[in-house]
Amino acid sequence: MDERFVKGTTIAAIATAVVPQQGSVGIVRLSGREAVAIARHLFRAPGYQLWESHRILYGHIRHPQTGQTVDEALLLLMLAPRSYTREDVVEFHCHGDYSGAAGPSALP
């Protein structure tokens, strides 16, 4: 088996078509045990918003090293076992241009 797909790893992928100037929303999905920790590191939700399963949070994706805002986004939380993969799943719903969708998946 390909070692990139070892059970228990956290994966990230662009979940919408990436066609420059063609989409209004870009979705990046994280799945695995570190998905929520990664999301908490990259996403800042203003005010008091609950990080509970099947919630939608509003906020900003920030670059992990500089803290600069990368995009304004929605974050969807689907915690295990109540997700399609039965793992923790986080989706970033960003602006759909290529830079917006690639932002979260391209961050270190």
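R40 lies over the face of W51, 4.3 Å from the ring centre. A charge counts as sitting over a ring if NZ of Lys or CZ of Arg is within 6 Å of the ring centre and within 35 degrees of the ring normal. That is a good place to start a walk through this structure.

A word on the ground rules. This is a predicted model, in which local features need pLDDT of at least 70 and side-chain atom pairs count only at pLDDT 80 or more, while totals for chains, interfaces and linings use all residues. Residues are numbered from 1 along each chain as its sequence is written, and side-chain values use heavy atoms, with hydrogens and water left out.

## The aromatic cluster

W51 also belongs to an aromatic cluster, together with F43 and F92. Rings of Phe, Tyr and Trp (its six-membered ring) pair if their centres lie within 6.5 Å; planes under 30 degrees apart are called stacked, over 60 edge-to-face, and the rest tilted. By this rule there are two aromatic pairs. One of them joins F43 and W51 edge-to-face, with 6.3 Å from centre to centre and 70 degrees between the planes. The other partner of F43 is F92: the ring centres are 6.4 Å apart and the planes stand at 55 degrees, so this pair is tilted.

Where do F43 and F92 lie? F43 is in strand β3 (residues 43-44) and F92 in strand β6 (residues 89-95), so the pair ties together parts that are 49 residues apart in sequence. Strands here are DSSP runs (E, at least two residues), numbered from the N terminus.

Are F43 and F92 buried or exposed? Both are buried, and F43 has a relative accessibility of 2%. Buried means under 20% relative accessible area, exposed over 50%, and partly exposed in between (1.4 Å probe, protein chains only).

## The sheet

Now step back to the strands. Strands of a sheet pair through backbone hydrogen bonds, either parallel or antiparallel. In this model, six strands form an open sheet in the order β1-β2-β6-β5-β4-β3, with antiparallel pairing. The edge strands are β1 (11-14) and β3, each of which pairs on one side only. Two strands are said to pair if DSSP finds at least two bridges between them.

Here are four of the pairings, each with an example of bridge partners.

| Strands | Bridges | Example partners |
|---|---|---|
| β1 and β2 | four | I11 and S31 |
| β2 and β6 | seven | V25 and H95 |
| β5 and β6 | five | L76 and E91 |
| β3 and β4 | two | R44 and H60 |

Strand β6, home of F92, is joined to β2 (residues 25-31) and to β5 (residues 69-78). Another bridge to β6 links G26 with C94. How much of β6 is covered? The strand is mostly covered, with five of its seven residues buried. In β2, five of the seven residues are buried, so this strand is largely enclosed by the rest of the structure.

## Loops with unusual backbone

The loop between β5 and β6 holds P81 and R86. The peptide bond from A80 to P81 is cis, with omega near 0 degrees. R86 has a positive phi, near 65 degrees, in a residue other than glycine. R86 is also exposed, at a relative accessible area of 59%.

A second positive phi belongs to H54, at about 60 degrees, although H54 is not a glycine. H54 is placed in the loop between β3 and β4 (55-62). With a relative accessible area of 43%, H54 is partly exposed.

## A nonpolar patch on the surface

Which residues form a nonpolar patch on the surface? They are I56, Y58 and L74, with about 280 Å² of accessible area together. Patches are made of residues with over 30% relative accessible area and no salt bridge, where like charges are joined within 9 Å and nonpolar side chains (Val, Leu, Ile, Met, Phe, Trp, Tyr) within 5 Å. A salt bridge is a side-chain nitrogen of Lys or Arg within 4 Å of a carboxyl oxygen of Asp or Glu. The areas come from the Shrake-Rupley method with a 1.4 Å probe, and for residues only the protein chains shown count as cover. Within the patch, Y58 is found in strand β4 and is partly exposed, with a relative accessible area of 34%.
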